[in-house]
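Please open the structure in the viewer and keep the selection panel at hand. The tour proceeds by chain, then by the contact between chains, and ends with a pair of helices.

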Amino acid sequence: MPPVPNTNPAVIRNFCIIAHIDHGKSTLADRMLQLTGVVEGRQMRAQYLDRMDIERERGITIKSQAVRLPWRDHVLNLIDTPGHVDFSYEVSRSLEACEGALLLVDAAQGIEAQTLANLYLALEADLHIIPVLNKIDLPAAQPDKYAEELAGIIGCDPSDVLRVSGKTGEGVVELLDNIVETVPAPVGDPDGPARALIFDSIYDTYRGVVTYVRVIDGQLSRREKSLMMSTGSAHETLEVGVISPEPKPVENLSVGEVGYLITGVKDVRQARVGDTVTGASNRAPKALGGYEHPKPMVFSGLYPVDGDDYPELRDALDKLRLNDAALVYEPETSVALGFGFRCGFLGLLHMEIVRERLEREFDLSLISTAPNVVYRVVMENGEEHRVTNPSEYPEGKIGMVYEPIVKATILSPSDHIGAIMELCQGRRGVLHGMDYLSEDRVEIRYTLPLAEIIFDFFDQLKSRTRGYASLDYEPSGEQESDLVKVDILLQGESVDAFSQIVHKDKSREYGLMMTAKLKELIPRQQFEVPIQAAIGARIIARENIRAIRKDVLAKCYGGDISRKRKLLEKQKEGKKRMKTIGRVDVPQEAFVAALSTGSGTEKGKK
Amino acid sequence: MVPSTLPDGDPVPRDGALPDSAHDGLGGRPFGFYVHVPFCVTRCGYCDFNTYTATELRGASRDSYADTAIAEVRMARRVLGDVVLPVRTVFVGGGTPTLLPAADLGRVLEAIGKEFGLAEDAEVTTESNPETVDPAYLAGLREAGFTRVSFGMQSAREHVLAVLDRTHTPGRPQQCVTWAREAGFEHVNLDLIYGTPGESDADWQASLDAVVAAGADHVSAYALIVEDGTRLATRVRRGELAPPDDDAMADRYLAAERTLGGHGLGWYEISNWAASEEARCRHNLLYWTGGDWWGVGPGAHSHVGGTRWWNVKHPAAYASRLAEEATPAYAREVLDDADRRFERIMLELRLAEGCPLDLFEDPSAVCRAVADGLLVPEAYEAGRAVLTLRGRLLADAVVRDLT
């Protein structure tokens, strides 16, 4: 194939789209692909850029990608960003690869908290912002109202807010022209040593790791070895190319260009998002700034429902991690659940996605323990413990306990302020401020313990605001808190999977909730089973499962014998699948239900 | 009584021939006949037995049923060969056997006697619904050779009978016991059901008191089971009736044991009480102690030497099979040693005699059952596993724990 000539940076426009999950980013991107002739109408799969099934079903983009769009003698590189709070680090890297950002907002809903948070990131990165209202074809659209709101937030004139419909295509040509006119062309040193920013890295079964890069200085050539600056490791360069929208190999990528790089590495950890790629023979003296190692914030134990599946679970995690640099895990053993893994995730969505992929792509049936954050426990003697699992909570004289906190931003119609404040106060939140975005929309800022939002905070927020509120949060260090470990005991034996670290004021509530839940979930046994919640040796809640008194079929005559034998054998099989704690048989479903985040008492209160 | 759902199993050869293993020791074990009569006037709401009302019969005739059953008795002789096999027990169940003329039941009994010979002291029982018999009918049965009669009393309370769709009036079953005694029946059983929706502890006590006063020498008392597919199950699902409560069931069972035991009726199987050793139902004991029996009739189950089989369900299909001289068997299973051991534990543990400890592979589990108060310590010392009163109520759990 003839080599694609290097593109003059002056005609390149690199931009991304900042939008909330369902505000129509993918549909708009599809329309851009069509209008620029990159994809023929008949080849058009809805939401072309979202590759994975899960993404397609949930309508969200997990992995960002880049696509090159020719438009009126210019080259537009659309860099797709992840849309969720868990991936905000990846978002910030995508932004670093751009000079401009479309702030895309649903004309019927207005801006959401995560979008606002990402907008602030974009402003910090000095990007040119183009405000765009989408879905103007909807009957419920209120473009004037939300144009006003956007103008207020970014400080422009409401008439500068573009209005489009990704669905019908209305306004998209004007939008493309606006990008060409207003987004600055990239600038860099074409003759310096190569420096390219990795903004995404994907494992492909056939090609190995495909790394997406934006060249800042110099050239990435397929004839030179690539070097990852954070690790110092060099790799053979097998291919460089651009996406349009299928991969097209090129000789090299130069200043301002966006494309991909294949080096044959098999693990995305060797080509991490945020790292700088340079040439092995002409190494850049200094990496681009801002690289961070992804840090797991939320931990949970994952166990196979069938203990025999442990090796399959291990293999599946090994495979997933090829494509997920943020996933960490190590083997762990639970008395109640057997062999499994303690896994660390960026956040709740990340956890859900990993779990779902394990179940779906690897056909595993899993139990996950209640998620928890990382605690720092300082003993009176000065010893320090990092606790990622409640069952590792140290015994003995505890001095201070520290928990991670987050700065949360909530956007909502103003009628729900009371409900939101009540929720946040109940979750040990500290109010930091409140601003009206428009007449009836408000931004509320809280500091909250991370542990308080990883359970069902988001669901609660949604249900108390009839779905209108949106949430964003970012880590904000740690605070000392009055925390205790609550153990759950079955017939006097502690069940490790149910232990939880909670604030002292909420320990009784947790104890009552868990004991009540387990009373419902554990079938009656031949003897009475006390269920207790305890802090150390002190019992804070107690329930009893009464002994079963009748377990016999009244009739067993000639015609019943075969049927009854089969029934008893089946029941024995069922019993074998139960976990036995002391002498108490606990069905798997009881663990699953007891550990599920939607707590019974929360719902019972309303 | 034959449940309506048939188990899966292996095919049976057209001539009904049994595997060689089934013939081993034939004649050395007690042998009996069960005869199923699959007819009812109406179907009761709780009943999932294999029975048919007139409109459900589709061509199978009540009138010719005795002849069809006799054809199967003859086939039994051909299949079992020439071995000397005196019949110790015959039990006619249903359905409603007494919907057939007494003479029809007598002809089937006669055919069994002719083909196999009845043992001298043979026990010959029929089930009966109180509303279908009178003194003359009972006299006819006695004359035909029946020695024992079992009446479905179920409850002494009208509102309980109404929920069960039983049509007889309270008091009628007790009257039937008197008539049966007068007709010369030595052994009379009354069946009771407890735990019917709407039944109170007092209602149940009234039934127990009535059954004791009636003077039967045998009582069977069954916890109501809401079987899938019955009208009762539908009504419970719709919330029209409360589902039976296991704790209430346990209390009623204890009341039964107290009242019946207090009046000289001793338990000998989980749901059966008898006034004496002789009053026990020998036919049912044959089921529980590994005896051989041939089940005649649609859906009837048989057991010979470790082979169990069961007939096709519908009376029309049953009759046409026999008309072609083909076995009416639908499927069978040949038990292996593990199955037979499991069944022995499952069945013998239900009896007051219990089972020998050498059946159990895990002695520690047996010890624990004794310590937990499920097995009688004295019997254990004597080498037998016998359920305590609490153990009887948890018998299925004990079987699961010990096997």
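**Chain A**

In chain A, 70% of the contacts with a separation of 6 or more are between residues 24 or more positions apart. The model on display is a predicted one. Select chain A and show it as a cartoon: its secondary structure amounts to 15 helices and 33 strands. Its radius of gyration is 27 Å, close to the 25 Å that the globule rule gives for 606 residues, so chain A is as compact as a globular protein of that length. Reduced to its C-alpha trace, chain A spans about 85 × 65 × 55 Å along its principal axes. Buried residues make up 48% of the 606 in this chain.

**Chain B**

Next, select chain B, in which 16 helices and 14 strands are found. The C-alpha atoms of chain B occupy a box of roughly 55 × 50 × 45 Å along the principal axes. A compact globule of 403 residues would have a radius of gyration near 22 Å, and the 21 Å of chain B agrees with this. Of its 403 residues, 48% are counted as buried. Residues 24 or more positions apart supply 74% of the contacts in chain B that have a separation of 6 or more.

**Where the chains touch**

Now display both chains together. How many residues does each chain give to the contact? Chain B contributes 37 residues and chain A contributes 23 residues. To follow the side belonging to chain B, select the elements that give two or more residues to it, among them strand E6 (218-223), helix H9 (246-262), helix H12 (337-348) and helix H16 (395-402) of chain B. By class, the residues on this side of chain B comprise 21 nonpolar, 5 polar and 11 charged.

**Two helices in chain B**

For the last stop, select helix H4 (residues 135-144) and helix H6 (residues 172-183) of chain B. These helices pack with their axes 9 Å apart and at an angle of about 45 degrees. H4(B) and H6(B) are therefore oblique to each other. Their crossing is right-handed.

Show the side chains at the contact of the two helices. Which residues meet there? From H4(B) come B:Pro135, B:Leu138, B:Ala139 and B:Arg142, while H6(B) provides B:Trp179, B:Ala180, B:Glu182 and B:Ala183. Coloured by class, the contact of H4(B) with H6(B) has 6 nonpolar residues, 2 charged residues and no polar ones.

Notes:
Residues numbered from 1 in each chain as written. Chains lettered and ligands numbered in written order. Predicted model: local features only at pLDDT ≥ 70, side-chain atom pairs only at ≥ 80, totals over all residues. Axes fitted to C-alpha atoms, helices over the stretch in contact; angles between N-to-C directions. Helix = DSSP H or I, 4+ residues; strand = E, 2+ residues; numbered from the N terminus. Parallel < 35°, antiparallel > 145°, perpendicular 65-115°, else oblique. Left-handed = near helix turned anticlockwise from the far one by under 90°. Contact = placed C-beta atoms within 7 Å. Nonpolar A, V, L, I, M, F, W, Y, C, P; charged D, E, K, R; others polar. Rg over C-alpha atoms; globule rule 2.2 N^0.38 Å. Buried ≥ 20, exposed ≤ 12 C-beta atoms within 10 Å, placed from the backbone.
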